[in-house]
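Here are my notes on the complex, as numbered points. Please read them with the structure open.

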Amino acid sequence: MKNIQALLTPRIMAMFRKGMSGKKLMGMTFFAGIGSIIWALVFYGSYRVLMYFKQVESIGDFLTFKLLSMILLTLFSLLIFSAILTALSKLFLSHDLGLVHALPVKSETIFLSRWIESTFDSSWMMILYTAPAFIALGIVNNAGLLYYSSLLISLLLISIIAGGLSSLIIMPIVLILPATRIRSIFVFLGLILFIGIYVSFRIMQPERFVNPEGFASIVLYLRSISTPSTPMIPSTWVYETLKTALDGPTTAPFFNIAIMLSFALALICLNVIVARLIYFKAYSKTQTAQSRLHSGDNQFLYRLLSHIPGPARAIMIKDIKTFFRDQTQWSQLFLIAALIVIYLYNFSVLPFDKSPMKAYYIENLFSFLNIALAAFVMTAIGARFVFPSISHEGHAFWIIQSGPVSMRMYLWIKWLEYFLPLIVLSELLIVTTNILLHVNPFMKNLSVMTMFCITPGIVAMGIGLGGAYPDFKSENPAQAVTSFGGLMYMFCSSAFFGSVILLETGPVYLFFKVHFQSHLLTIVDWIWITFSLTLGLFICILAVILPIRFGEKQLTIKMQKLRHRDLEKEPDNISEKK
Amino acid sequence: MIKLVNLTKKYGKHTAISNIHLTVNAGEIFGFIGPNGAGKTTTIQIMAGLLLPDTGNVLLSDISMNDDPVQAKKLVGYIPDRPFIYEKLTGIEYMRFIADFYQVSTNVFFKRSEQLLNQFGLINYQNALIESYSHGMKQRLIMASALLHDPPIIIVDEPMVGLDPAAIKLVRDIFMEFSHKGTTIFMSTHTLSLAEQICHRVGIIQNGRLTATGTISELKQSAARANDLEDIFFQLTRSEKAES
C-alpha cells in the first residue's frame, strides 16, 4: 500500500504544485466558466425533457425509465471504451514507465498505481457531465437523500467496474498485438461506432418527438423494444439501484449496491492476479514491438507537387504524410465528414412546404443565413486542422527555425497548404446547399463569392493565431482547439465572417425589395451597396494579411522565450545555478 | 568563415554570454568547450539562427545572420544536441524533406542521400519510420541530413551524445574529411579527447565569457604543467571560478 501511495505521489504533487500565475488563473477561471455553462445546459435540457415526460400520462414513467436505462448503458459502454484507451497509455505507453519499472517494486504494485490513475482519468469527466441528468431525474421525481447517496456510490462503482474490465481485456491482448496498434484499432472502431450512432440518430429525425403524428409511432416503437434489460450487465444494477431509490426509503437499492461492490472488489483482485502473471511480460513485449516499414518508392506526391518551390513542397509533403500516418489526426476526418453529412442532410429535410411564408422567399433567406452556417463549419474545421498545424511541428520546430525559410514565408506556405483544400470544400458545401434550397442565381452567386472571400481569412486566422499560441509540447496538438488560443481563434473567426455577412444584409435586403416589391434602386441605395460590399472586401483582405503578420511576430517572440526556458531547464544548467 | 562579433545574450538578469568575439577560418575545426551552463548552447543557437542576440552579430562567409538570416542559413548544416525530428516520416523521406527545404536538385539528392545513408550506416533502415529509430540512429540521420546540401559551414552541438564507438570514429573521420575539403566546423563538446584529436583551435567559455582561445600547443604554453587539454581545461576553469 505504501508503494502504491509512493508511486502516485508525483502525480498528486504535480496537480497541486502547478504554478498559479495570474494568466493561468484567468485561463482556469475561463475554462471553469465554460465547463459550468455546459453542465448547466445538460442539467436544463435533461430537466425539460424529464418534466415533459412526467406530464405525459400513462407512458411518462415508462419513457423516463427507458431513457434512464439507455443513458446508463451508453455511459457504461463509453466508460469501458475510454478506460481501454487510457489504460493502454497509462499501463503500456507512458514515457516514464521505463523508469518506474526499474524501481524495486512488484509489477502488480506498479499495475495498481497506474490502474488507479487510469480509472480516475478515464471516468471523471464522463461522470461529471452525466451527473446533471441524474440530478435532474431526482429533482423531477422529488427524490430524497437515499437517491442521491445511491447515485454517488453507483457512479463510483460503475467507474471502478469499467476500469477493471478494461484492464482485464487489454492485458492479454497486448501479449499478442503491440499496444500502439491496439490503440489505433480501438480509436478507429470507436469513431466508426460514434459516427454511426450520430448519423443514424439524425436520420431517425428526433424532431418528430414534438410532432403528435410522429410521436405515436415512436412510442409504439419504444414499446416494441421494451424487453427487460439483462441482469448480467453492471448498468442494469445501477438502473435498478436508482429506480428503487426513487421510490423512497427502502432497502432495495442496497442489494444492487452490494452486487456492484462485490463485483468491483472481485475485479480488482482478479486484475492483481492477472497483472502478477502477465503485466510485465506484456509491457516488455510493447517495448520490443517491430517497427513499421514504408515503401520509399512512393513518388506520387513528389511528382504532383514538382512545380512548387522546394521549401513549400518539403513542408506540404511532410505535413500530408505525417497527417495520414498519425491516427489522432486522420481520425478527425471521420468526425468532420459526419458533421458535413448531417449539415447537408438537414437541408434536404427542411419543411419549406409547411411554412406560412412563400417557399421562394424563405429558401433565399435560408441561403443567405446558410453563408454564416457554412462559414462556421469552415471555422470548426479550421479549429481542428489549421489552428494546431504550427503546434504539430512539436520539438522538431528547430528544423524550420534553422532552415533557409523566413518565419513569414513558412506561415504563408502553411496558409497555402490549408487554403487549397478548404476553399474547395467551402465552395462544395455552399453550392450543394444552394442546389438543395433551389435558390435564385443572385443568391447563388453572392454565396459562392462570399465564401470565396471569407475562406482565405478563416485559414489565415487559423495559421496566424496558431502561430501566436503554439503548443510544441502537447502530445496531441489537435486538442489545442480547447486552449485559450483555440477559443480566441473561434471567436475572432466568427466575428470576422459575422461582420462581413452583416455588411451584406443591406444589399441583400435591397435585392429582396427590388425582387418582391418592384422597388427601384435610388442613388443612395447604390452608394449603400457599393460601400457595404467594398468594406466587406476590405475586411476580407485585412483578415488575411493581419493574422499572418501577428502570428509571425508572436511566434518569433514565443520561440525566443521557449528556447530561453528550455536552456534554463537543462539539467546541467540547473545544477550549475544551484 | 565564421565571425562572432561582440555577441551578448541575457535571460532576464542572467547574462548567458557576454561580448563573445571570435573568428573561425575557412577549413578550420573549432572546438568550443566549457563547463555545464557556460553558454555553449546559447552561442550555437544564435549562430544557427534559433536565438537572437541582444547585441552583436554573427557573420557566416560575410553574410550577417541579423540582416539576411535566410541567405546565412543556406550556408549552414546545423546539428543540435537533441535529435528531435519528424517521427512519422521514414529516414529517406526526412532526407528528401531536407533536400527540398535546402533546394537540392533531385538528381543530387538521390546520389548524395544514398552515399550519406551508407556512410552513416542507415541504408537498411531508410524505409523505417523514424519513431522506431534509436537515439543514436536519429542523431546519425540528422548528421547525414545536415551534410546533404554540402554546406560550407557546419555547426554542431555536442556531436557525440548517444553515439556508439564506431559512430564516434565515423563522425570524427567525416569532420576531418570535410575540413580538408574546406568546410568550416564549429563544434561544442564535452569530449575533450575528441577536441584534442581533431580541432585546429579551441575556445574555452565560462560564465558566458570566452576565457581562452588558441591551438592546443598555444594553450599548453599559457597554462603551467599542462600535459593535455584536460589539464588546461581544469586549470582555466578553476581559476575563472575562483575569480568569480
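1. Terms first. Two strands pair if DSSP finds at least two bridges between them. Helices (H or I, at least four residues) and strands (E, at least two) are DSSP runs, numbered from the N terminus. Residues are numbered from 1 along each chain as its sequence is written, while chains are lettered from A and ligands numbered from 1 in the order in which they are written. This is a predicted model, in which local features need pLDDT of at least 70 and side-chain atom pairs count only at pLDDT 80 or more, whereas totals for chains, interfaces and linings use all residues.

2. Confidence. The predictor gives the complex an ipTM of 0.87 and a pTM of 0.73. For chain B the mean pLDDT (the predictor's confidence in each residue, from 0 to 100) is 86. In that chain, 93% of residues reach 70 or more. Where pLDDT is low, the predicted coordinates should not be read in detail.

3. The hairpin of chain B. Strand S1 (residues 2-11) and strand S2 (residues 14-24) of chain B pair in the antiparallel sense, over seven bridges. Lys9(B) has Ile17(B) in S2(B) as its bridge partner. Tyr11(B) is bridged to His14(B), also in S2(B). Two residues separate the strands of this hairpin. Gly12(B), in the turn, has a positive phi of about 65°.

4. The four-stranded sheet. S1(B) also pairs with strand S4 (residues 55-60) of chain B, antiparallel, over five bridges. There Leu4(B) stands opposite Val58(B). The open sheet has the order S2-S1-S4-S5 (chain B), with antiparallel pairing. Why do S2 and strand S5 (63-64) of chain B each have one side without a neighbour in the sheet? They stand at the edges, each with a single partner strand, so one side of each is left free of a neighbour there.

5. The six-stranded sheet. A second open sheet in chain B runs S6-S7-S8-S3-S9-S10, and its pairing is mixed. Strand S6 (76-79) and strand S10 (209-214) of chain B are the edge strands, each pairing on one side only. The twist averages 15° from one strand to the next. Angles here run from 0 to 180 degrees between N-to-C directions, and axes are lines fitted to C-alpha atoms, for helices over the stretch in contact. Strand S9 (residues 201-206) of chain B and S10(B) run antiparallel and are joined by five bridges. One of the pairs is Val202(B) with Gly214(B).

6. Helices on that sheet. Helix H5 (residues 135-146) of chain B lies across S6 and strand S7 (153-157) of chain B, at about 175° to S6(B). Helix H6 (residues 165-180) of chain B lies across strand S3 (29-33), S7 and strand S8 (184-188) of chain B. H6(B) runs at about 145° to S8(B).

7. The interface. Contact requires C-beta atoms, placed from the backbone, within 7 Å. On that basis 34 residues of chain B touch 34 residues of chain A. Helix H1 (40-47), helix H2 (69-74) and helix H3 (91-101) of chain B each give two or more residues to this side of chain B. H3(B) gives the most, with five residues.

8. A bent helix in chain A. H16(A) bends by about 30° at Phe419(A) (the angle between axes fitted to the seven residues ending there and the seven starting there). Pro421(A) follows within four residues. After H16(A) comes His438(A), whose phi is positive, near 55°.

Conventions. Two residues are in contact if their C-beta atoms, placed from the backbone, lie within 7 Å.
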